Structures are given as structure tokens and as C-alpha cells.
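Me: I'm new to reading protein structures. Can we go through this one together, one question at a time?

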Amino acid sequence: MAPIFEYFVVCGLGPEIRTLDGNKGYHGVGVLYLPSLLDQYPPENHTLYPPPPPQLPTCVLPAGVEIFSTGFDVNDPSSSPRSYPIVLTEGDGSKIYVSCIAFRDPVSEDIAEAYRIPPNSFADKCICLVSRSPSFTVIRNTLEELFALCFSSDGSSKPLWDVIAHLVSNVPLPTPGRDRVLFAIENCLLSVDPPPKNGLPHVDISFQPLVQCLDVDNLIELFTAVLLERRILLRSNKYSLLTIVSEAICHLIYPFRWQHVYIPSLFFSGVDYIDAPTPYMMGLHSGVDTSYLVMDGVVVVDLEYNRISTSEEIPPIPEPEFSSLRMDILKLLHPKVVGIDQIKTSPAASSEQWSIPCNQPWGEEQDLQLRLIFLRFFASILGGYRNFIEDSAAQAFNNQAFLKKRSRSTHQPPDAMVSQFLDTHGFLDFLERAGSLEESDSNLLDKLQDAIGRGQNPMSILPSSSTEPEIVTISDPNGGVSRSGAKYIYDRFPSNIRTEEQEEKRKQILAAASGAFEYIKNAPSSPSVQVGKEALSPMERAAERERMVLDIKVKLQGLWLRLLKLGATDDPLSSFEYGTILALIESDAEGIGGSGFVECISEHIHTGWQCQLTDEQFIAVKELLKTAIILATSRNDMSTVRDALEVSAEMYRKDNNNVPDFVQRHLMSLSIWEELRFWEGFFDYLMERSSDKSANYAAQVTSQLILVASHMAGLGISDTDAWYMIETISEKNNIGYKQLIQLRGFLTHIQQLRVGYWGVSSVKAPSISSMGLSSPRPKDGTDENQQPAEASVVGRSWVQSMFSRDSSRVNSFARVRKWTSDGASDSSAAGQKKLQTNVRVLRGHNGAVTALHCVTRREVWDLVGDREDAGFFISGSTDCMVKIWDPSIRGSELRATLEGHKRTVRAISSDRGKVVSGSDDQTVIVWDKQTTQLLEELKGHEAQVSCVRMLSGERVLTAAHDGTVKMWDVRTDTCVATVGRCSSAVLCMEYDDSTGILAAAGRDAVANVWDIRAGKQMHKLSGHTKWIRSVRMVGDTLITGSDDWTARVWSVSRGTCDAVLACHAGPILCVEYSAADRGIITGSTDGLLRFWEHDEGGVKCLRNDTIHSASILSINAGEHWLGVGAADNSMSLFNRPQDRLGGVASSGSKLPGWQLYRTPQKMVAMVRCVASDLERKRICSGGRNGVLRLWEATINI
């Protein structure tokens, strides 16, 4: 028989001390340190047992190890030993059950001496019994007896570790339904009862804590959330309660199983896992602060206060099942109250299908009844489910037919809860298991449905326990009194005997620690934190990096799968999944995020994914891959570049609608292909891989250079540049002139093939298409740079050979092992002036900055410059706070913090005396700017608020995702009118207070224009095919930017489209109008900033700037200055020279009047929003890390 105890483990303060932040050494009392595995049985070199889980020390001491000046004190309850269970989940889904006792134990003398820890100090220590059986009671009782034996004043008859060895090696797991095992620890007799052979799964916990912590309604809500596989976070100040409640709720969903992340007791340092996008069930100590986390969609269950909160609605259990379930639970919990009106001889009492125990203390009978109540719920709500399994082999279930049948039987529309439940992993897993013979024989759900159908007692489905179990006694042949008759008494928990190798390693670690301490003591100028980090050994650094890589890859895997599941109405580019993946790619200096994302897609393709993406998903994936390639290029990470290109090729072959655009527009535009160092390294790799080692050297070089030349041509390198690089490589390898002539001729031939495949427009030329398209014409939405409909066979063969995984071919973008160390240097534009710049980092938010507003002079009517608040920046964040910043006060920029929102702040505006903000909590709050008091909370929207605008006359204009635009009167705290309605979410709006004209647009791809003063809608401007993300209205001109990669210019009075601007290669996120020259500026996710000018033939694109490598988020134009902010963490400032001010560029002008001034080095964060103060030449950006970056350019014209 298998042993019931798999391991005995001791965790605590090891010889290598490190804080939770990773700093080595002792840093005083009150600091938390990482726990280590100190001792174990069986020993680590035992070959018959797998090693304990590596995360075990961190999980059994989730708060870390704290050092104390005193040990156990009867007057200090916090110093008492604590006993609690934890459950770990392995990669295959199997569970490990651990019973823990944490207590204060003296710090070892050698550790205290090496780290200069004060003598007689104590530290947290935890002893654990690890088992594969959910026998919580016997594991806990055994551990407590061992703990009592260790510190007993009478002592033990044999060494403690001998007792432990006997228990772990000899106590077996009973045979289900047959054996009861008896064993002893000193004079205490313990037993292991047999688990049931058939019937409900074995559970050795009480369900009473669950029903005591949550009332019936909250219990049902938690049950529903678990059933629908939501993200669930349990909170309590007791570790035992977290584990018991987690296990109890998992047993209540039987016959279904929780299929996702399961961490009943989350260690404190892993609190960031709560923001994971995939379903999970976690328990977290209530003392851990989570206020800085986003927590969107997380179901937070407070077990101490009987409270459940979530930002996403949980669909209720439908009738009649809800009322039946609720009544059955109430009967079990409060039988006297429920049956107070019933008489003892009631006919209903005699017809009850099963008896509910009354007036009895809670015990195993009540646990069983509670489990059967929930099983009967499943039998009811899934009645007849087997009739809808269409393919018994594949277990295909007809959801729609089942829902229609249920709707007819209940006379109600299809239930949202049941519909969502049928799509869960738990239900699919149940169908798979129900199809096997082994599972079908023990399927209690089917048996209960049959019993109810026949009118039988549901208790009949459970096996009878009439037979007495056989007693198996485990005796210790060496038990009793020791040979010498001595007793073993301990003043601390003893250490197991170490091997010579373990002892030597321990001495080396402590010697190194002692030496580091002496070094710190003699070199006070070197901070201890730095010394500690430098002292990391190569193996330690490798282990830390491996853990970090695994953590990032797991997060990317979940984010990627969730990105693909976004609905048709969801916007991938503004989703949490896209933003988090982008942040992981951009913020990781070692490239783990980029390479991990590419690897994630590659693995998904190889598992059978057909690369079918919606247009919006393709845009998001394209941007992520492009960012990964660009950053990998900057790091010389050729492996990631190669893998990203191969993934692109795989997607190309599977989805010809989208990916050719990515190959043509974006891969060809990357600067890496124009760098000689790339092709030199690639050539060296090809030479290393060359299979024909016996060939003539010159012929071998020539054949590999021909392959290099073909890739150069295919990637759009001009003939001149390609020949220069080929010639340079040839000269370094000393090939003859005949081979050079051959290469030159071949390159010309390949160039012709490339033109035939890609089309002439794909050559890297200074401009692609200079004119916007007049409207309306049939070709409005076309793109002259589009790939021809029919591609040559040679061209497709080139793409396939370039990315082929066939081992018989040379992998064109395999790892290049030799790179030159010189990096590309940025060159300044001609005529660019040197600036005196000042960049300040403003910290205060605990979450991503999601809204940013600059207080302009016009807003506060600052006619003579006497308003100090002109130039203030106001920010909003996922931490639900609004902060006011005064850039004029260096070092103390934070002016005020406004608290009142319950969810993420999305929009901000202001006037002379007030600040207004809109949030995901569907409210609009008005604040007093001077006193920072909350004046009004405007409620009326039914979805998150996306836009706010403070107007004259104490009015506020708001727009939300419910499709409405509302006008509010702040003085009366009322909604004056709903001035506009759209068919979908409003993402942007513009309002001209002088004329009363309102324009709003969003997900319905229609720009709506209303005359508020006349109370009517003027136009519905149709033409865009996808979401409209930005609008700008100046006079009679309205400009819109859309996800369909175009911007449109409309006439407000006529309601007509005057021009379509279609040169971008991605969604247009922002548009701006420059009144100085009647120019239009557009910014897109392709990183391009395009300048357009009105011409006789329409609107002409004069120039495009490629200074940014990521999405343009904000464009703000003034009379003399133009501010731009992008998601690549940079901001740009443009200036119009004096000789052009007030004039309009002539039609023959090749360049607009704006001259560029670049910003300093980027910050390490993904920028979410940007605001500009052009009057003071300041630009401020808000990052995902909660940091604001204020750039101030002091320029004298």
C-alpha cells in the first residue's frame, strides 16, 4: 500500500538570508525574509520519492520569515503556534495536501554569528506533513502530536527524527472501503479511516465554516461564480479558513471539477498574480494590501464580513432551481425557522424525499446533506442532458437544443447562467469523463436523476456502510524506551543529521556571508543592498532568471488565449490583454516578454490553430509582433527576430487575408534589414550550416551570398543598398571578380522577381501615396499600396523558402551567432536646434494612469495671466484617484488628491473653479478645485463614462459606453437632457459651445452631429467601416479617425464627406486641425505622423514622420507649437518658424512649416495617455506604471 505521508519538511530561516525584495543579509527586526527548506524526510538524495515542490517553503510561510527578540509569550497571542492546512496544485492538476504548524524557534547560533543577528533571537519556522490524500484530520493530528512530543517536558523515548522516519516510511494509506489503519506516536493512538469506495469523493473537512462565514445568498453567489469559472479571490485573516472554504466550494460543485489556477493560500509576494486574466481561485490574507491592483472582474469574497464584491455582474441561477436550492439550504441551517408554521402531522412531512436532521450539532451528517442538496440542484438544472450528447465518442453537446428544451419546459427565455455554464471548461471536462465506462459506473448525477425520476429516496444512490472495516495496526519494532533508558528533550525543533556535503555547503555559505558583512563594515560608502545583489552566485542568478521567465511565459499564455476570445464588439487595442502583453514586451530589458510572446503564438500554431483572426485582432497581433521585432533588434536578439518572422510566415500561409499586409507593410519597413551587421552575421551562420564542406570555398561563399541576396530583395532592400552590402561581404571573404559578376546578375534578376510579386509600390521609396482620395468615389476605401490580388508562384515560393521549417533547407532566419558590437546612432534632423530640456518624473498614483488633462488659459479665462491654475495637469488612474499637479513647484508638484470614484477614472475636464471626472463606476464627480471637496456625484449613465466636458454656465457634458450623451446642471445635481443617442458605445466627442453643435462617434462607425440648441440631430455621417476613435471639429470642418485605417474630412453644415485620408497602415487614434495653415495632422498605430494640406484637388499628404515606433496617442496643435505623444514612451514637440507664421504653405511646397524637436531618452513604461501645455512648452505623459513624465522645453524664438 502507498504511504499516507509523502514528506516531512521543515522550513524557516536558512543559511542564505535574503529579504522578500531579494536583498541579501540581515536587515534588522521587522523585515520579512524569504523562507528556505531546512530539513526533510526522506532526504533529498532519496531515489524512491520525488522531491518536494520547489514552491513549498514560500507557500507554507506565505508572509515570509520574521525575526523576533522573544519567543513564545503567553501574554502575546501573536506569538502562539499556528496550525493550518494548505493545498498545492501541480502542473498535471493533481493536488498536494500539507498540514503546517508555524511557531517561533531560536535562530541557529552559526547563522546568528555569520549575519551578526543579536543573540537569543527567534525566527518563524514551519514544520509540515505532506500527503497526496485529502485526509486533513489525521495529517493535522499527527503533526500536532509530533510538535507536542518535541517540546514535551517528559521528552520522547527515541530521537524525534527517528519517530518521523517511522511514520513517513511505514504508515500506509487505507484501502478504500476496507481498511482502517491504527498507529501510535509515543502513548497517543491515531487512526486513518478508510475513504469510501464509491459515492461522493472523499473529503475530510467540515463545511460548517463555509456556511458560518457566508449567508445563504452569498453562498449561492459564490457557488455560481465558481461554476461560471470567474476570477475568485477569498480574503480572511486565518489561513485555515481560506483553505477549508476553497476546498469546500470545490466539493460542492461535484460532479464538476475546478479546471483553472487554484491557490487557496497565496503567498504575499505573489499578490500581483491577482491581475492575471485567466480564471483562478485564490485565497489571500486580509492583511495584504491590494488597493493598487486593477481587480477588474475579480469576485472578492470577504469571509470575515460576509461580503462579496465584483465589478462584473454574475448571472443569477434561474428559477425554479434558485428558490429550491435556497429553501433546501435554509432547511438545513435553520430547520426550526423554516418549519415553524408546519404541524407535526403535516402530509408534506411524510412525503419528504429525504430527512433534514433537526436540533443536532453540525457534523458529518450535515456535511453530507449539504453536498446532496447541491447535487440535486445539478440533477434538476441539467435534467435530460444525456439526450443532447450528439456524438458519444467525441462527447459533442448540443447547447442550443438543450437551452431551447429547457426554455420550453420552464416557460422562460434562455437562461444566461445556464448558457455560460455549458461553455465552461468544467462542463466539457465532465462530458469527457462521463463518456468513459469507468466514470459512467460511478456517475452519481445520472444515478440521482434516475432515482428522482422513479420517486426513490435520493439517499439510495450512496453505498451502504454495513460492513466493518478491517483493522490494520502499524507497530514500531524499535519503539518503547531507548536502550540506555534516556529521554530526548529539546529546547528547539532539532535539525536532522546532515551529510558531509550538506555541512560543507552550509559552512561555505555562512563563511561568504560573514565575509560580505566584514566588507560592508569596512566600506560604508557601498550600500548593503548592492553588495548583497553582487554576491549572487551564477547558479542563483540563473535560478532567479528561470523563475522570472516561467512566470512571464505563463502570464503571456493566458493573456494570448484571452485576447483571441474577445467578442466581436470588443476592442483588442484597448483591452486589458493587449495592454498587459505590450507592457511585458516593452518593459523587459532582457527580451523575455518579446520572445515569450512569439513562442506563445508559435506553440499555438503547432497545436492546430488555423490563425483565423478578426480584423481587430489582427491589428493587435500585428502591433505586438512589430514591437517585439523592433525591441529584439535593438538588443541584437536575433533569435526573437527569427522566430517572429517564422511565426509571420506560418500565419501568412494559413490566413492570406491579413498576414500579407503585415509582411508587406511592416516587416519590410523595419530598419534592421538595412544594417550591414545583420547580413554579415546571417552570412556567417549560413557558412557554418553549409552541408557541402568539400566544395570550393569561392563557390560555397557565392552560393550562400545568393541566398542572402534573395532575402535582401524580398525584404525590399533597394538594388544599390543590397549590392553595397553583398560587395562588402564578398571583399571580406576574398572571392574573385567572376563570382561578383554572377552575384550582380543574380541580384538584378531577383529584384525583377520581387517587383512581380510585391508590386512596384512596395519598394522602399520616400513616399507611397501623396494624395488623399476625394469622396464620394468607389475607390474611397482603397489603398494604392495594397498587394496585387494574384501573386506569382515564384514569389510565394520565395516566402515559403524564406521561412521554411524543412530541415533539408537552410532556415533563412535561424539564429545568427556572430554580431558586431557597434550600435546604430541616432542622427539629428537637418536644421534641428539643440534644446535645454528638463524631464521630471512625478510619482503618486498606485495604478496605471488612464486619463490626463491640462488646464488651459482658455478654460479658466486667464486673460491677463493672473490664474495660477493655468498650466496645471490633472491625472486619473486605475487606483480610482484624481490628482492635481502644479509644474511650477519643483519637488512638490502634487497639489491635491481627489478621492471618490470606486473604479478606474477615464476622463477629466475642468473650468475656473471645478474639476469633473468620469469613471468606469458609471458616475461623474464634480470637485471644488480650491478646497478639493466633492461637490456633486452625477448618476444616470448605465455603463462606463468615456468623455466629460465642463461647459460655461455650470454645465457638464458627458458621454458613455451606453451610447448616450447627457447634459448636466451642476447647481441642481440633475440631468438636464439626454442630448444625443448612438447605437453603440461613444468613444469620442467634440462640442462647440459658441454654436451648440455636438459631434460624437464610437463603435457604431457613425459620426453623429446634433444641434443641441435646436434640439435636433443634424446628420448621421456614414462612411467608416470600423470604430471611430477620434473626432476634431473646427468651425464647419469635422475630422474623424477610424480603425479602418482612414481619416475623413466632413462638412458639418452640408453633412458630406469632402475627403478620405487613406495612407496609414493601422487604426487612426488621433486627428488634429492646425488653424495656422488649415492643415490636418493624423496619428496612427503604425507609428506614423502624417501632415496633410488642402489643395485644389482635395487634401494632399505633404509629409510623414517616422520618429515614433508605436501608436500615436495625442496630437495638440497651437499657433506656434505642436505637441505629440506616443505609446513608445516618447513625446515630440514641433515648432513653426517665424517666417511662416500666419502664412499658408504654397501648393508647390514639399514640406510643411513644422520643424521637429525630439525629446530626451524614453522612460521604461508603456504610455497610456498624453496632454500638452503648448503655451508653456510642456508635455506630460502617463504610464502604465503609474508614473507621470513631465517634459519642459525652454525655447526662445
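**Loops, bends and a helix pair**

Reply: Sure, let's begin with a loop: Lys1177 lies in the loop between strand E48 (1167–1173) and strand E49 (1178–1183). Keep in mind that this is a predicted model.

Me: What is the phi of Lys1177?

Reply: Most residues other than glycine have a negative phi. Lys1177 isn't a glycine, yet its phi is positive, at about 55 degrees.

Me: Is Lys1177 buried or exposed?

Reply: Buried means under 20% relative accessible area. Lys1177 has 16%, so it counts as buried.

Me: Where is Trp1045, and is it buried or exposed?

Reply: Look in the loop between strand E37 (1037–1042) and strand E38 (1047–1051) to find Trp1045. This non-glycine residue also has a positive phi, about 75 degrees. Its relative accessibility is 15%, so Trp1045 is buried.

Me: Which peptide bond leading into Pro42 is cis, and what is its omega?

Reply: Most peptide bonds are trans. Pro42 sits in the loop between strand E3 (36–41) and helix H1 (56–60). The bond into Pro42 comes from Tyr41 and is cis, with omega near 0 degrees.

Me: And what is omega for the bond from Glu319 to Pro320?

Reply: Pro320 belongs to the loop between strand E14 (307–309) and helix H8 (321–333). The bond from Glu319 to Pro320 is cis, and its omega is near 5 degrees.

Me: How do helix H3 and helix H4 run relative to each other?

Reply: Two packed helices are described by the angle and the distance between their axes. For H3 (residues 136–150) and H4 (residues 160–170), the axes come within 11 Å and cross at roughly 165 degrees. Angles over 145 degrees count as roughly antiparallel. So H3 is roughly antiparallel to H4.

Me: Which residues make that contact, and how many are nonpolar?

Reply: H3 brings Thr142, Leu146, Leu149 and Cys150, while H4 brings Leu160, Val163, Ile164 and Leu167. Sorted by class, there are no charged residues and 1 polar one, and the nonpolar count is 7.

Me: Which handedness does the crossing of H3 and H4 have?

Reply: For this one, think about how H3 and H4 cross. Their crossing is right-handed.

Me: How much strand is there over residues 983–1020?

Reply: An unreviewed UniProt entry places the feature "repeat: WD" at several stretches, including 983–1020 and 1061–1093. Over residues 1061–1093 the chain is 0% helix and 58% strand, with its end C-alpha atoms 11 Å apart. Over residues 983–1020 the end C-alpha atoms are 11 Å apart, helix is 0% and strand is 61%.

Terms used. Residues numbered from 1 in each chain as written. Predicted model: local features only at pLDDT ≥ 70, side-chain atom pairs only at ≥ 80, totals over all residues. Heavy atoms only, no water. Axes fitted to C-alpha atoms, helices over the stretch in contact; angles between N-to-C directions. Helix = DSSP H or I, 4+ residues; strand = E, 2+ residues; numbered from the N terminus. Parallel < 35°, antiparallel > 145°, perpendicular 65-115°, else oblique. Left-handed = near helix turned anticlockwise from the far one by under 90°. Contact = heavy atoms within 4.5 Å. Nonpolar A, V, L, I, M, F, W, Y, C, P; charged D, E, K, R; others polar. UniProt positions renumbered as here; feature names shortened; annotations may be inferred. Buried < 20%, exposed > 50% of the residue type's maximum accessible area, 1.4 Å probe, protein only.
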